[in-house]
Amino acid sequence: MKALVIFQGPNAYISSSWYEKEAVPTWNYQAVHVYGKAVLLEKAELIKELTTMLETYESHRAQPVLWDTLSEELLVKQMKGIVGFNIIIDGVQAAFKLSQNRHERDYARIIEQLEAEGEVELTEAMKERLVAE
């Protein structure tokens, strides 16, 4: 079965009131689209993946919830609602729009306004883009 997985990065509305000249508002974003074939996991594979996930996120806790500590009744009930799959990737597309078409003063103003609105991740991405040039 064909699959598309979208990883959405930071994104935010960009008001055209932040520009020196009249323009329309827009949206800045980062995203990655991964294309491939979804392959369902067999029950044993799914249990192995779930066990690993629990060990990764629970083992450091004072009272970890691990696969072997859960009741058989709960596991049977919950497994009915879980579908595990892998994606065999055959394509990746990364896209970003970070106001790269704006001149330096507008770009700096956009960063300033986004920072004021608490859009930390997006402003960091925009600053990194400047350094990479």
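Lysine 127 is partly exposed in this predicted model, with a relative accessibility of 31%. Its side chain meets that of glutamate 115 in a salt bridge, with N and O 2.4 Å apart. Glutamate 115 sits in helix H3 and lysine 127 in helix H4, so this pair ties together parts that are 12 residues apart in sequence. Glutamate 115 is partly exposed too, its relative accessible area being 39%.

**The two helices**

Let's step back to the helices that carry this pair. Helix H3 covers residues 104-116 and helix H4 covers residues 120-132. Their axes come within 9 Å and cross at roughly 155 degrees. Because angles over 145 degrees count as roughly antiparallel, H3 is described as roughly antiparallel to H4. The crossing of H3 and H4 is left-handed.

Which residues of H3 and H4 make the contact? From H3 come Tyr107, Ile110, Ile111, Leu114 and Glu115. H4 brings Leu122, Thr123, Met126, Lys127, Arg129 and Leu130. Sorted by class, the contact has seven nonpolar residues, one polar residue and three charged residues. Both partners of the salt bridge described above, Glu115 and Lys127, are on the contact list.

**Salt bridges**

How many salt bridges does a search of the whole structure find? The search gives five, and the table sets out some of them, including the pair already met.

| Acidic residue | Basic residue | N to O distance |
|---|---|---|
| Aspartate 106 | Arginine 102 | 2.8 Å |
| Glutamate 112 | Arginine 109 | 3.1 Å |
| Glutamate 115 | Lysine 127 | 2.4 Å |

Glutamate 112 and arginine 109 both belong to helix H3. Since they are three residues apart there, about one helical turn separates them. Glutamate 112 counts as partly exposed at 45% relative accessibility, and arginine 109 is likewise partly exposed, with a relative accessible area of 35%.

Is aspartate 106 buried or exposed? Aspartate 106 is buried, with a relative accessible area of just 1%. Its salt-bridge partner, arginine 102, is partly exposed at 22%. The cut-off helps in reading these two values: buried means under 20% relative accessible area, so aspartate 106 at 1% falls under it, whereas arginine 102 at 22% does not.

To bring the picture together, H3 and H4 run roughly antiparallel, and the salt bridge between glutamate 115 and lysine 127 links the one helix to the other. The pair of glutamate 112 and arginine 109, by contrast, lies within H3.

Technical notes: Residues numbered from 1 in each chain as written. Predicted model: local features only at pLDDT ≥ 70, side-chain atom pairs only at ≥ 80, totals over all residues. Heavy atoms only, no water. Axes fitted to C-alpha atoms, helices over the stretch in contact; angles between N-to-C directions. Helix = DSSP H or I, 4+ residues; strand = E, 2+ residues; numbered from the N terminus. Parallel < 35°, antiparallel > 145°, perpendicular 65-115°, else oblique. Left-handed = near helix turned anticlockwise from the far one by under 90°. Contact = heavy atoms within 4.5 Å. Nonpolar A, V, L, I, M, F, W, Y, C, P; charged D, E, K, R; others polar. Salt bridge = Lys/Arg side-chain N within 4 Å of Asp/Glu carboxyl O. Buried < 20%, exposed > 50% of the residue type's maximum accessible area, 1.4 Å probe, protein only.
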